[in-house]
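Biologist: Could you take me through this model slowly, and set each label you use against the rule behind it?

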Amino acid sequence: RTNLLEGQFGNGEVAFGAFALSAALFDLPPVTGQQTGLFSIRPRGIVLHDQPAATERMLKATITGRTYLGDSWDYIIAGSENNLTLRVAAPPLQVLAIGSQVWLEFDPRQIALVH
């Protein structure tokens, strides 16, 4: 299971529409100009926060669904921009209500260019 997002990369960043990350955080092929690629973002590579932190890797979102899996929570998250929907895995003690506003922090080590 993974989240697949289209991203534009080049000129020092990877833009996913609703958010962008520094291209230096990724192992990307050298490009000139902008390229489009499909990126895999693992659900465990996204951390949920109940308040924003001072990092460029944050995105404001809302919890729209959740399922308890025993060893983790499986949350469905809707981004505040561009109709972005992501699946996020959280530890079993991180119980958040549907409708809660959260901030997502992305771990670039858990994001890979797949095509």
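Modeller: Met58 is found in strand 6, where a strand is a DSSP run of E with at least two residues, a helix is a run of H or I with at least four residues, and both are numbered from the N terminus. This is a predicted model, in which local features need pLDDT of at least 70 and side-chain atom pairs count only at pLDDT 80 or more, while totals for chains, interfaces and linings use all residues. Residues are numbered from 1 along each chain as its sequence is written, and side-chain values use heavy atoms, with hydrogens and water left out.

Biologist: Why is Met58 called buried?

Modeller: Buried means under 20% relative accessible area, exposed means over 50%, and partly exposed lies in between, with a 1.4 Å probe and protein chains only. Met58 has a relative accessible area of 15%, and therefore it is buried.

Biologist: What is Met58 in contact with, leaving aside its neighbours within four places in sequence?

Modeller: Contact means heavy atoms within 4.5 Å, and by that rule Met58 is in contact with His49, Gln51, Pro52, Ala53, Trp103, Leu104 and Glu105. Arg109 is 51 residues from Met58 along the chain, and their C-alpha atoms are separated by 15 Å.

Biologist: Tyr68 is also found in strand 6, so why does Tyr68 count as partly exposed?

Modeller: Tyr68 has 46% relative accessibility, a value that falls between the two cut-offs, and so Tyr68 counts as partly exposed. Leaving aside neighbours within four places in sequence, Tyr68 is in contact with Trp73 and Pro92, whereas Leu86, 18 residues apart from Tyr68 in sequence, is 16 Å apart from it in space, C-alpha to C-alpha.

Biologist: Ser72 lies in the loop between strand 6 (58-68) and strand 7 (73-79); is Ser72 buried or exposed?

Modeller: The relative accessibility of Ser72 is 2%, which is under the 20% limit, so this loop residue counts as buried. With neighbours within four places in sequence left aside, Ser72 is in contact with Arg44, Thr67, Ala90, Pro91 and Pro92.

Biologist: What makes Asn11, in the loop between strand 1 and strand 2 (13-15), count as exposed?

Modeller: Asn11 stands at 66% relative accessibility, which is over 50%, and therefore Asn11 counts as exposed. Even so, Asn11 touches Gly33 and Gln34, not counting residues up to four places away in sequence. Phi of Asn11 is near 55 degrees, a positive value in a residue other than glycine. Most residues other than glycine have a negative phi.

Biologist: How do you know that Ala24 is exposed?

Modeller: Ala24, in the loop between strand 3 (20-22) and strand 4, has a relative accessible area of 72%, and because this is over 50% it is exposed. Ser40 is 16 residues from Ala24 along the chain, and the C-alpha atoms of the two are separated by 17 Å.

Biologist: What makes a group of residues a nonpolar core?

Modeller: A nonpolar core is a set of buried Ala, Val, Leu, Ile, Met, Phe, Trp, Tyr and Cys residues joined through side-chain atoms within 4.5 Å. The largest one here has 28 residues, and those with the most contacts inside it are Phe19, Leu48, Ile77, Leu104 and Phe106. Among the elements that give two or more residues to this core are strand 1 (3-10), strand 5 (46-49) and strand 9 (101-106). In soluble globular proteins, nonpolar side chains tend to be buried together.

Biologist: How many helices and strands are there in the protein chain?

Modeller: The protein chain has zero helices and 10 strands, and 38% of its 115 residues count as buried.

Biologist: Why does the radius of gyration of the protein chain agree with that of a compact globule?

Modeller: The radius is taken over C-alpha atoms, and the globule rule is 2.2 Å times the number of residues to the power 0.38. For 115 residues a compact globule would have a radius near 13 Å, and the protein chain has 14 Å, so the value agrees. Taken along the principal axes, the C-alpha atoms fill a box of roughly 45 × 25 × 25 Å.
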